[in-house]
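Welcome, and please open your viewer. This short tour suggests what to select at each stop and tells you what is there.

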Amino acid sequence: MFRVEYAILSNEKNRLKQVEKIALFEEQLDEIEGQIYIMCNKNEIGFVDESIPYEGEFLVTWLSLLNSVILHLNSYGYFAMLRPDSADVWLEFKLMNEVVQVSKIKTLKEHEDFIMTKFIENKKVFWSENIDKSELFQEVLEKTEAFIQEVYSINKILVESRRIKRLINTFQMAKDNVCINLLEK
């Protein structure tokens, strides 16, 4: 089972509703903060609980990385992303036919990049789970589309920011990539 949840809390929604000029939004904090929760079978990352006023996750960054997983797995069969809120904890994705092995790892060697398309050696594995590829891809695409629609409904000006435009572009490429792979089967 693979599940992604997110929440944009009321304080952040109020901040986003007040944006009148995209340039000012991009200068201040070109990101949308909130909560994110990822579940891989029984292993969990983060949480979504709107009664807790924590808004420390960068939702655009998380969703952009998760959409990049789709693109890179289909191209390279491997993708690792540094957790946005961590210095050395990564989520590693390995494609094995129609199954994706998702692992939470800690690197034992420092890396300058935030994403890796080559296998990371020298690591400590916290957990590793096998997820159906189509389930993972569908969940990421559905939640990204819901997020983009929610942002638009909060304030349509926001979809003009560079970061959200990049998210939309990455999402569309991932969606197209999944469709092309389905047609090739």
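## The whole chain

Begin with a cartoon view and follow the protein chain from the N terminus: its elements run β-α-α-β-β-β-α-β-β-β-β-β-α-α. The radius of gyration is 17 Å, close to the 16 Å that the globule rule gives for 185 residues, so the chain is as compact as a globular protein of that length. If you prefer a tally, there are five helices and nine strands. Keep in mind as you look around that this is a predicted model.

Now turn the C-alpha trace about its principal axes, along which it spans about 45 × 40 × 30 Å. Switch on a surface next: the accessible surface of the protein chain comes to about 10,000 Å², and carbon and sulfur atoms hold 50% of that. Of the 185 residues, 47% count as buried.

How are the contacts spread along the sequence? Among those with a separation of 6 or more, 61% are between residues 24 or more positions apart. You can also colour by charge: the 23 positive and 31 negative charges have mean positions that lie 2 Å apart.

## Strand β7 and its partners

Select residues 99-107, which form strand β7. Is this strand mostly covered or mostly open? It is mostly covered, with seven of its nine residues buried.

Add residues 89-96, strand β6, to the selection. β6 and β7 run antiparallel and are joined by eight bridges. To see one facing pair, show Glu92 and Ser103: Ser103 in β7 stands opposite Glu92. Then move to the hairpin of β6 and β7, where two residues lie between the strands and Asn97 takes a positive phi near 60°.

Next, select residues 123-132, strand β9. How many bridges join β9 to β7? There are nine, and these two strands also run antiparallel. Show Lys106 and you can look for its bridge partner in β9, which is Lys124. While the strands are on screen, try following the side chains: in a regular strand they alternate between the two faces of the sheet.

## A loop between two helices

For the last stop, select helix α4 (133-154) and helix α5 (162-184), then go to the loop between them, where you will find Asn155. Is Asn155 buried or exposed? Asn155 is buried, with a relative accessible area of 9%. To see what surrounds Asn155, show Leu16, Lys17 and Val19: Asn155 touches these three, leaving aside residues up to four places away in sequence.

How values were computed
Residues are numbered from 1 along each chain as its sequence is written. This is a predicted model: local features need pLDDT of at least 70, side-chain atom pairs count only at pLDDT 80 or more; totals for chains, interfaces and linings use all residues. Side-chain values use heavy atoms; hydrogens and water are left out. Helices (H or I, at least four residues) and strands (E, at least two) are DSSP runs, numbered from the N terminus. The radius of gyration is taken over C-alpha atoms; the globule rule is 2.2 Å times the number of residues to the power 0.38. Buried means under 20% relative accessible area, exposed over 50%, partly exposed in between (1.4 Å probe, protein chains only). Contact means heavy atoms within 4.5 Å. Accessible areas come from the Shrake-Rupley method with a 1.4 Å probe; for residues, only the protein chains shown count as cover. Lys and Arg count as positive and Asp and Glu as negative; His and the chain ends are not counted. The place of a charge is taken as NZ of Lys, CZ of Arg, CG of Asp or CD of Glu. Two strands pair if DSSP finds at least two bridges between them.
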